[in-house]
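Here's a quick briefing to read with the model open beside you. Have a look at the fold, then come back for the notes on its surface, its pocket and its charged pairs.

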Amino acid sequence: VLLVVRAQSIGKIVLGIRIERMDGSPPGFVHAVLLREWIYVGLSLLGSIGGIINLINVCLIFGEEQRCGHDRIAGTRVVLA
């Protein structure tokens with residue numbers, strides 16, 4: 001609910017960050033929850049392969065855009081609130 005309404009989880013509120021779409025608009029339910037967060041659920045169903053893919057997903061944050069794989073798929077980015 002917080003991701004859809006405020007574009008922030010409790011952790012993001014504490015850190016002073018939020019998610020937004022690449023055009024600066026709020027992410028909404030589809031981008032914030034279905035595309036961005038449920039990727040982890042899908043990967044967990046793949047067992048060890050899912051763990052490796054998840055590691056690659058997180059390592060993508062060290063790229064030029066500093067966006068994880070789930071942000072790229074959902075078309076979102078994390079910004080200061």
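Start at helix H1, which is where Val5 sits. This is a predicted model, so treat the points below as a reading of that prediction. Val5 counts as exposed because its relative accessibility is 66%, over the 50% cut-off. Val5 also belongs to a nonpolar patch on the surface.

**The nonpolar patch**
- Alongside Val5, the patch takes in Val1, Val4, Phe29, Val30, Leu34, Trp38, Val41 and Leu45.
- Put together, these residues offer about 930 Å² of accessible area.
- Three helices each put in at least two residues: H1 (2-5), H3 (28-35) and H4 (38-44).
- H3 gives the largest share, with three residues.

**The largest pocket**
- The largest pocket holds about 190 Å³ of space.
- Its lining includes Lys12, Ile17, Arg36 and Ile61, and further along the chain Glu65, Gln66, Arg67, Cys68, His70, Asp71, Arg77 and Val78 also line it.
- Helix H6 (69-74) and strand S2 (76-80) each supply at least two of the lining residues.
- By character, the lining splits into six charged, four nonpolar and two polar residues.

**Salt bridges**
- How many salt bridges turn up across the whole structure? The search finds four.
- Side chains of opposite charge can pair when their charged atoms come close.
- Glu20 pairs with Arg18, with the closest N and O atoms 3.0 Å apart.
- Glu20 has a second salt bridge partner in Arg77, at 2.8 Å from N to O.
- That Glu20–Arg77 pair ties together distant parts of the chain, 57 residues apart, with Glu20 in strand S1 (residues 17-21) and Arg77 in strand S2.
- Is Glu20 buried or exposed? Glu20 is buried, because its relative accessible area is 7%, under the 20% cut-off.
- Its partners are partly exposed: Arg18 has 27% relative accessibility, and Arg77 has 28%.
- Glu65 and Arg72 also meet through their side chains, in a salt bridge of 3.3 Å from N to O.
- Both of these count as partly exposed, Glu65 at 46% relative accessibility and Arg72 with a relative accessible area of 36%.
- Shared partners join Arg18, Glu20 and Arg77 into one salt bridge network.

**Where the topics meet**
- Arg77 lines the largest pocket and also forms a salt bridge with Glu20.
- Glu65 is likewise part of the pocket lining while its side chain meets that of Arg72 in a salt bridge.

Technical notes:
Residues numbered from 1 in each chain as written. Predicted model: local features only at pLDDT ≥ 70, side-chain atom pairs only at ≥ 80, totals over all residues. Heavy atoms only, no water. Patch = residues over 30% accessible without salt bridge, like charges linked within 9 Å, V, L, I, M, F, W, Y side chains within 5 Å. Areas by Shrake-Rupley, 256 points an atom, 1.4 Å probe, with all protein chains shown as cover. Helix = DSSP H or I, 4+ residues; strand = E, 2+ residues; numbered from the N terminus. Buried < 20%, exposed > 50% of the residue type's maximum accessible area, 1.4 Å probe, protein only. 1 Å grid on protein atoms, 1.4 Å probe; cavity = no way out; pocket = protein on both sides within 12 Å on 5 of 7 lines; lining within 4 Å. Points joined across faces, edges and corners; volume = space filled by probe spheres on them. Nonpolar A, V, L, I, M, F, W, Y, C, P; charged D, E, K, R; others polar.
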